[in-house]
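Here is my note on the model you asked about. Please read it with the structure open beside you.

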Amino acid sequence: MTITRRVTVHEGPGGQFESMAVFDDAAAAPRPAILLFPNVLGTKEADFAYAEKVAAIGYTVLVSDVFGQGKRTSRADPDMGRYMAELNDDRILLRDRTNAAHALLKSLDEADESRTAAIGFCFGGKCVLDLARSGADIAGGVSFHGVYDAPPLPHAKITARLLICHGWDDPIAPPEATVALAKELTEAGCDWQIHAYGHTGHAFTDHDAKMPERGLAYNPEADRRSFRAMADFLGDLFG
């Protein structure tokens, strides 16, 4: 097994973007292909490392830049959510960028364009949901500690199967938001499931999340369980 990273600079809605393709260079291609949407900070080493774990179980992964080339923040930045806020305020642009990312994924030589899915973390979970809401032809999507508010746009029929990996104590997605998402997905005809982890808040897959007093903290058990749930879900999608 030889896990390879390849930087991909590409044009997209609103400018130039820099994504990262991650795949096993020794495996037969094309393979089922996965979009990975990062959290509020944008693409970073933690996303590339997670993509390597997904590639190691048999997938081509594209860590997708939806903010724009050079638009990255850190937890030390007092305005770390500024690029996310731009897309939260323009869900049409967010829809267009997630669909452009999907088109790029399908164009990769290592990707089987007929077998694609998406995963995302925090704001990236919202990206997964909005991609599915747009009617994109992904087979499925996985949201990890995502953000669930629906865009003020007409919804297409959701054809993707969805797995929501959720910390029950998440202050960003409290129980009423989770129930509202379940209602929305049911009304959209979606095949959905929610895995809720008790005593778990937001950012449970993020090793650098260390604010338990604010409900944001890494949880190794939820991280392990959600990765296994994702792997099983993708296995069901693609065999």
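1. Start with a parallel pair. In this predicted model, strand 3 (residues 31-37) runs parallel to strand 5 (residues 111-121). Six bridges join the two strands. To find the register, look for R31: it stands opposite A111 in strand 5.

2. Now widen the view to the sheet. It is an open sheet of eight strands, and its pairing is mixed. The strand order is 1-2-4-3-5-6-7-8. Which strands form the edges? They are strand 1 (3-12) and strand 8 (192-197), and each of these pairs on one side only. From one strand to the next, the twist averages 20 degrees.

3. Helix 1 (residues 45-56) packs on this sheet. The strands it touches are strand 1, strand 2 (15-24), strand 3, strand 4 (60-63), strand 5 and strand 6 (140-144). The direction of helix 1 makes about 120 degrees with that of strand 1.

4. Helix 4 (residues 123-133) also deserves a look. It lies across strand 3, strand 5, strand 6 and strand 7 (161-167). Against strand 5, helix 4 runs at about 135 degrees.

5. Next, the whole protein. How many helices and strands does the protein have? The count is six helices and 10 strands. The C-alpha trace spans about 45 × 40 × 35 Å along its principal axes. Does the radius of gyration fit or conflict with a compact globule? It agrees: the protein has 16 Å, and a compact globule of 239 residues would have a value near 18 Å.

6. Burial and contacts come next. Of the 239 residues, 53% are buried. Take the contacts with a separation of 6 or more: 66% of them join residues 24 or more positions apart. The protein exposes about 10200 Å². Carbon and sulfur atoms supply 53% of that area.

7. Now the charged side chains. Side chains of opposite charge can pair when their charged atoms come close. With nitrogen and carboxyl oxygen within 4 Å as the cut-off, the protein has 20 salt bridges. One of them joins E110 and R6, with the closest N and O atoms 2.9 Å apart. E110 lies in the loop between helix 3 (91-107) and strand 5, while R6 lies in strand 1, so the pair ties together parts that are 104 residues apart in sequence. Are the two partners buried or exposed? E110 is buried, because its relative accessible area of 12% is under 20%. R6 is partly exposed, at 31%.

8. Other salt bridges sit inside a single helix. D130 and R133 both lie in helix 4, three residues apart, or about one turn of the helix. Their side chains meet at 2.8 Å, N to O. Both D130 and R133 are buried. This pair belongs to a network of salt bridges that links R91, K126, D130, R133, D149 and E184.

9. Compare helix 6 (residues 220-238). Here D232 and R228 are four residues apart, so about one helical turn separates them. They form a salt bridge, and their closest N and O atoms are 3.3 Å apart. D232 is partly exposed, at 41% relative accessibility. R228 is partly exposed too, with a relative accessible area of 49%.

How values were computed
Residues numbered from 1 in each chain as written. Predicted model: local features only at pLDDT ≥ 70, side-chain atom pairs only at ≥ 80, totals over all residues. Heavy atoms only, no water. Pairing = 2+ DSSP bridges. Axes fitted to C-alpha atoms, helices over the stretch in contact; angles between N-to-C directions. Contact = heavy atoms within 4.5 Å. Rg over C-alpha atoms; globule rule 2.2 N^0.38 Å. Buried < 20%, exposed > 50% of the residue type's maximum accessible area, 1.4 Å probe, protein only. Areas by Shrake-Rupley, 256 points an atom, 1.4 Å probe, with all protein chains shown as cover.
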